[in-house]
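Colleague: I would like a close look at a single part of this model, with the cut-offs spelled out as you go.

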Amino acid sequence: MELISGARMSYERDLDESPDALSLREQVILEFCAEGLGDSEIAVRLQMSRREVSVIRGRAATKLVARIASAHPFHIREVVLASPFDSD
């Protein structure tokens with residue numbers, strides 16, 4: 001599988017990609033997560049340690065959260081700052 005062998009490559013991205021762009025490894029690991037695989041199963045498939053998979057998955061999740069926050073800043077601020085005790 002070309003995608004899996006690509007995931008074993010280095011973390012480097014093209015210089016013209018933004019710093020919050022997902023690396024190939026991050027993309028592959030998130031795809032496996034979406035399929036319901038755990039870190040140990042992903043590690044076996046990609047021939048990595050479980051810890052390395054966990055770290056990469058966490059880094060990808062952080063990037064995705066940052067993207068979501070920047071895409072909808074007003075809505076997220078409204079939700080986060082809303083108090084259940086505010087009256088309309």
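In which loop does Gln47 lie, and what can be said about the elements around this residue?

Modeller: Gln47 lies in the loop between helix 3 and helix 4, where helices (H or I, at least four residues) are DSSP runs numbered from the N terminus. Please keep in mind that this is a predicted model, in which local features need pLDDT of at least 70 and side-chain atom pairs count only at pLDDT 80 or more, while totals for chains, interfaces and linings use all residues. Residues are numbered from 1 along each chain as its sequence is written, and side-chain values use heavy atoms, with hydrogens and water left out.

Gln47 follows helix 3 and has a positive phi of about 55 degrees, although Gln47 is not a glycine. Most residues other than glycine have a negative phi. With a relative accessible area of 62%, Gln47 is exposed, the term for values over 50%, whereas buried stands for under 20% and partly exposed for the range in between (1.4 Å probe, protein chains only).

On the side before the loop, helix 3 covers residues 39-46, and its buried residues are Asp39, Ile42, Ala43 and Leu46. Seen down the helix axis, these residues fall within an arc of 105 degrees, so they line one face of helix 3; the arc is that of the directions from the helix axis to the C-beta atoms.

Ile42, Ala43 and Leu46 also belong to the largest nonpolar core, which has ten residues in all, among them Met48, Val53 and Ile56. Such a core is a set of buried Ala, Val, Leu, Ile, Met, Phe, Trp, Tyr and Cys residues joined through side-chain atoms within 4.5 Å. Helix 2 (24-34), helix 3 and helix 4 each supply at least two residues of this core.

On the side after the loop, helix 4 spans residues 50-71 and includes Lys63, which counts as buried because its relative accessibility is 10%. The side chain of Lys63 makes a polar contact with the side chain of Glu26 at 2.9 Å; a polar contact is a pair of N or O atoms within 3.5 Å, and within protein one must be able to donate a hydrogen and the other to accept it, with residues adjacent in sequence counting only if both atoms are side-chain atoms. Lys63 and Glu26 are 37 residues apart in sequence, and their C-alpha atoms are 10.0 Å apart in space.

As for the setting of this part, the protein has five helices and zero strands, and 25% of its 88 residues count as buried.
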